[in-house]
Amino acid sequence: MAGHSQFKNIMHRKGRQDAMRSKAFSKLAREITVAAKMGAPDPNFNPRLRLAIQNAKAESMPKDNIQRAINKAAGGDAENYDEVRYEGYGPGGVAVIVEALTDNRNRTASNVRACFTKAGGALGETGSVSFMWDRVGEIVYPASAASADKAMEAAIEAGADDVQSDEESHVIICAFESIGDVSSALEASLGEAQSVKTIWKPQNNIPVDEERAQSLMKLVAALEDDDDVQNVYANFEVDDATLAKLSAA
């Protein structure tokens with residue numbers, strides 16, 4: 001399993017979800033506001049806004065919060081956020097991509113650089129690691145939505161490229177430019193997805209030991225704790241025995 005997914009699972013097992021929910025809501029609201037400001041405030045005519053609302057609902061974000069974020073953009077009083085991508089290397093030469101929405105580039109760059117430095121990593125230039133990744137669509141369904149065979153069948157019919165099923169979920173990967181068509185086709189056969197988003201998928205993962213995994217988890221946690229950071233991706237993987245140790249720690 002890829003490093004970032006493993007990190008999410010560990011945080012979930014440690015019961016940190018509730019503590020992170022408020023921060024998650026503010027980040028989801030920021031994405032909704034940016035999407036609504038860039039296009040129409042109607043999700044029927046704005047694919048990015050539709051995805052942002054869908055993901056907010058998947059995180060149980062209240063309808064009032066979602067509407068408030070849309071109204072903020074429509075009212076013209078929303079801050080101007082820039083989309084910025086940072087790239088660098090964490091401990092053990094692991095590549096890291098950080099996506100941010102910020103109203104102050106200097107502040108965000110300084111904070112992100114400090115996280116890398118503290119972890120023993122280094123922030124690089126834009127493009128320094130992204131060539132090792134593919135930009136793809138990721139559609140996630142809970143395991144209860146369908147059997148692994150049915151999810152695979154639905155994904156193939158919808159035009160997806162890959163499916164990974166486990167006891168918790170079905171993760172369906174498709175081409176970046178096909179995410180709208182594939183998610184619509186899947187919704188017709190499997191119902192509403194848990195999340196639909198574009199992600200950076202590493203072409204290869206780097207195996208790391210327990211010590212490096214802990215350092216990388218601290219780096220990812222520090223980055224995700226920053227209000228301006230929306231997503232963090234890292235191309236490391238941990239074996240099952242180490243994952244069990246980290247989950248229990």
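## Salt bridges, cores and one helix in a predicted model

The structure holds 0 disulfides. Two cysteines are worth a look here all the same: Cys-115 is buried, with a relative accessible area of 17%, and Cys-174 is buried too, at 0%. Please keep in mind as you read on that this is a predicted model.

### The chain as a whole

Let us start with the overall picture. The protein chain has 9 helices and 10 strands. It counts 249 residues, and 43% of them are buried. The chain exposes about 12,900 Å², of which carbon and sulfur atoms supply 47%. Contacts that reach along the sequence can be described as well: among those between residues at least 6 apart, 73% join residues at least 24 apart.

### Salt bridges

In total, the structure holds 10 salt bridges. Three pairs are listed here, each with the separation of its N and O atoms.

| Pair | N to O separation |
|---|---|
| Lys-23 and Asp-225 | 4.0 Å |
| Lys-23 and Asp-227 | 2.7 Å |
| Glu-31 and Arg-48 | 2.8 Å |

Lys-23 appears in two of these rows, with Asp-225 as one partner and Asp-227 as another. What does the pair of Lys-23 and Asp-225 tie together? Lys-23 forms a salt bridge with Asp-225. Lys-23 lies in helix α2 (residues 17-38), while Asp-225 sits in the loop between α8 (210-224) and β9 (229-234), so this pair ties together parts that are 202 residues apart in sequence. As for exposure, Lys-23 is partly exposed, with a relative accessible area of 25%, and Asp-225 is partly exposed at 47%.

The other partner tells a similar story. Lys-23 also forms a salt bridge with Asp-227. Asp-227 is in the loop between α8 and β9 and Lys-23 in helix α2, so the pair ties together parts that are 204 residues apart in sequence. Asp-227 counts as partly exposed, at 44% relative accessibility.

Helix α2 takes part in another pairing, where the side chains of Glu-31 and Arg-48 meet in a salt bridge. Glu-31 lies in helix α2 and Arg-48 in helix α3 (residues 47-58), so here the parts tied together are 17 residues apart in sequence. Arg-48 counts as partly exposed, with 25% relative accessibility.

Beyond these pairs, there is a network of salt bridges that links Arg-30, Asp-103, Arg-107 and Asp-228.

### Nonpolar cores

Now for the inside of the protein. The largest nonpolar core has 23 residues, and those with the most contacts inside it are Tyr-86, Val-96, Val-98, Val-112, Val-208, Leu-223 and Phe-236. The elements that give two or more residues to this core are β1 (82-89), β2 (95-102), α5 (105-118), α8 and β9. Which element supplies the largest share of this core? That is α8, which provides 6 residues. Another core lies apart from this one and has 16 residues, among them Ile-139, Val-163, Leu-190 and Val-196.

### Helix α6, a helix with two faces

Helix α6 (residues 148-158) is a good place to zoom in. Its buried residues are Ala-151, Ala-154, Ala-155 and Ala-158. They cover an arc of only 100° around the axis, which means that they are on the same side of α6. The face turned away from this buried side carries the exposed residues Asp-149, Glu-153, Ile-156 and Glu-157.

What do the buried residues of α6 pack against? Their partners are β5 (162-165), β6 (169-175) and α7 (179-190). The helix is followed by Gly-159, whose phi is positive, near 95°.

One of the buried alanines, Ala-155, rounds off the tour. Ala-155 is found in helix α6 and counts as buried at 1% relative accessibility. Leaving aside neighbours within four places in sequence, Ala-155 is in contact with Ala-160, Val-163, Ile-172 and Leu-186. Of these, Val-163 is also named among the residues of the 16-residue core. How far is Ala-155 from Leu-190, C-alpha to C-alpha, and what is the separation along the chain? The two C-alpha atoms are separated by 9.6 Å, and the residues are 35 apart along the chain.

How values were computed:
Residues numbered from 1 in each chain as written. Predicted model: local features only at pLDDT ≥ 70, side-chain atom pairs only at ≥ 80, totals over all residues. Heavy atoms only, no water. Helix = DSSP H or I, 4+ residues; strand = E, 2+ residues; numbered from the N terminus. Buried < 20%, exposed > 50% of the residue type's maximum accessible area, 1.4 Å probe, protein only. Contact = heavy atoms within 4.5 Å. Areas by Shrake-Rupley, 256 points an atom, 1.4 Å probe, with all protein chains shown as cover. Disulfide = S-S within 2.5 Å. Core = buried A, V, L, I, M, F, W, Y, C linked by side-chain atoms within 4.5 Å. Arc of directions from axis to C-beta.
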